[in-house]
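Q: I'm new to reading protein structures and I'd like a close look at one place where two helices pack together. Please start there, then show me what lies around it and elsewhere in the chain.

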Amino acid sequence: MNSTLKLKQIAEGLKTLSSSKKNDQLQKTNNGKPVRTYNKAEAIKATGAQYALKLAEACEALGINPKVKGEGKRDLWRVSIDEVQRLREHFGYAPFVRPPNMEPVTYVIETLKGGAGKTTETANISVGFATELKTKYRVGVIDLDPQGTLTALLKPNLSEGDFTAGDLLMRNFDLDEGETFEQVCKDAFLPTNTPNLRLLPASVNDMRFDLYTEKRRLDANKSGEMYNAYLHLQDVLDAVKDEFDIIFIDTPPNLNSAAMSAHFSASHISIPLRASENDRDAAYKHMEYLAGVNEMLTSLGQREKSDISLILSDIDRRSPSLSQSVIEIREAVGQHCYMDDFTHSDAVTRCAKEFMTVFDLSPSGSKSRKSLESAQNQFVKIIEEVEVKALRHWGVN
């Protein structure tokens, strides 16, 4: 058996396994995933209702029936995430209104070190930003990694006709009569189970973007024209700027054309970093290289970033050496770190296996309630800091 055939057999076996597990997890669910629900205590906290009677009065006023059939004859008190959004507005938490002439905040989540939690953090931070803050923001998410892991977490049931990030970057479509590029871009951001969050998905075919930009460069050199390969994503962002308040971009684990485009367009950069010595050493080499990349992109017209910060992640507090490493990193670059670390969490791993973020599940219905609550609380601290950075960027106190 030759090597090519062996590789194809391995790939086919893994593909079959992946599809089987995915189908088992996602069968009989809405939009590929179950809808998040809240029990009474969780709803009081999430909506700012303060106490049960006030929440009951609000449900009645909004025509929300929180009773659902439980096991046996007992009814359960549950409301959906969409109903929580309505209740928040009822209690005076108005949707965010972006200041005039201010564009969406654009976050690129970036690291070249495998296993740092880049995609997991992008998924959980973006979903949490849309669900856990009482102020209602319009959240966009762009998956630039052709592996599509983020897409699987946020919208696992794509159809063959859905456009991907690569389709928009390469303009791989024909416009119908009267249709505009801007409208195609807006429609390509797909709704998810998370209110106010839409996703521009990825597929393996998006890898062709590197070949596309290289061909454009060669053609431009032959004709003597100027060509900036990193403006393609900016065109997409300009097309949807009125659709979103904040956009999170997940990047591939290499600085290819798509990742460089994300850096060119982003207003903020967040870099997950594990505290181990190996990760620390790899990170400083990456930062040195990224500084050179940033200088080059600036010469091509990139604007200055509002913030570049490390997120210390996957910290095992039971390890004295890792705890000491966190201290040392903060002493070295403290002003460029998020204030809160993210400790190692089994809940995050378990959720990802079920194509979930930690905010897709209610702790009250989880077998690992304390672990899930802890993971949610840790992400909320990071999310609140992301919000502060965004508001500062917009000049909102």
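Which residues in α3 meet which residues in α4?

A: Keep in mind that this is a predicted model. On the α3 side, look for Leu55, Ala58, Cys59, Ala61 and Leu62. On the α4 side, the residues they meet are Arg86, Leu87 and His90. Sort the residues of this contact by class and you get six nonpolar, one polar and one charged.

Now for the geometry. Two packed helices are described by the angle between their axes and the distance between those axes. For α3 and α4 (residues 81-90), the angle is about 105° and the axes are 10 Å apart. Since angles of 65 to 115 degrees count as roughly perpendicular, α3 is roughly perpendicular to α4.

Next, step back along the chain to Thr47, which sits in helix α2. Buried or exposed, what is Thr47? Its relative accessibility is 0%, so Thr47 counts as buried. If you skip its neighbours within four places in sequence, Thr47 is in contact with Leu55, Val84, Leu87, Arg88, Phe91, Tyr93 and Lys134. You've already met Leu55 and Leu87 in the contact of α3 with α4, so to speak, and here they are again, touching Thr47. For a sense of scale, the C-alpha atoms of Thr47 and Ser321 are 40 Å apart in space, with their places 274 residues apart in sequence.

The loops on either side of α3 give you two residues to compare with Thr47. Gln50 is in the loop between α2 (40-47) and α3. Gln50 has a positive phi of about 80°, although it is not a glycine. Its relative accessible area is 62%, so Gln50 is exposed. On the other side, Asn65 lies in the loop between α3 (52-62) and β2 (67-69). Asn65 counts as exposed because its relative accessibility is 56%. The C-alpha atoms of Asn65 and Met102 are separated by 39 Å, though these residues are 37 residues apart along the chain.

For another helix pair, try α8 (residues 181-188) and α10 (residues 232-239). They pack at an angle of about 85°, with their axes 8 Å apart. That makes α8 and α10 roughly perpendicular to each other, too. From α8, the contact uses Phe181, Glu182, Cys185 and Lys186, while α10 brings Asp235, Val236 and Ala239. By class, this contact has four nonpolar, no polar and three charged residues.

Which residues of α8 are buried? They are Phe181, Val184, Cys185 and Ala188. These buried residues cover an arc of only 100° around the axis, so they sit on the same side of α8. Here's a handy bit of background: an α-helix has 3.6 residues a turn, so residues three or four places apart point the same way. The buried residues of α8 pack against α7 (165-169), β7, β8 and α10.

That brings you to the sheet. Seven strands form an open, mixed sheet in the order β7-β8-β6-β9-β5-β10-β11. The edge strands are β7 (190-191) and β11 (307-313), each pairing on one side only. Start from the β7 edge: β7 and β8 pair in the antiparallel sense over two bridges, and Pro191 stands opposite Arg198 in β8. These two strands form a hairpin with five residues between them. Asn196 is in that turn, with a positive phi of about 70°, although Asn196 is not a glycine. With a relative accessible area of 24%, Asn196 is partly exposed.

Moving on, β6 and β8 run parallel and are joined by four bridges. Gly140 has Arg198 as its bridge partner in β8. Further across, β5 (residues 105-109) and β10 (residues 268-274) pair in the parallel sense over three bridges, with Ile109 opposite Ser270 in β10. Helix α5 (residues 118-131) packs on the sheet and touches β5, β6 (139-143), β8 (197-200), β9 (246-250), β10 and β11. The direction of α5 makes about 165° with that of β9.

Notes:
Residues are numbered from 1 along each chain as its sequence is written. This is a predicted model: local features need pLDDT of at least 70, side-chain atom pairs count only at pLDDT 80 or more; totals for chains, interfaces and linings use all residues. Side-chain values use heavy atoms; hydrogens and water are left out. Two strands pair if DSSP finds at least two bridges between them. Contact means heavy atoms within 4.5 Å. Axes are lines fitted to C-alpha atoms, for helices over the stretch in contact, and angles run from 0 to 180 degrees between N-to-C directions. Angles under 35 degrees count as roughly parallel, over 145 as roughly antiparallel, 65 to 115 as roughly perpendicular and the rest as oblique. Ala, Val, Leu, Ile, Met, Phe, Trp, Tyr, Cys and Pro count as nonpolar, Asp, Glu, Lys and Arg as charged, and the others, Gly among them, as polar. Buried means under 20% relative accessible area, exposed over 50%, partly exposed in between (1.4 Å probe, protein chains only). The arc is that of the directions from the helix axis to the C-beta atoms.
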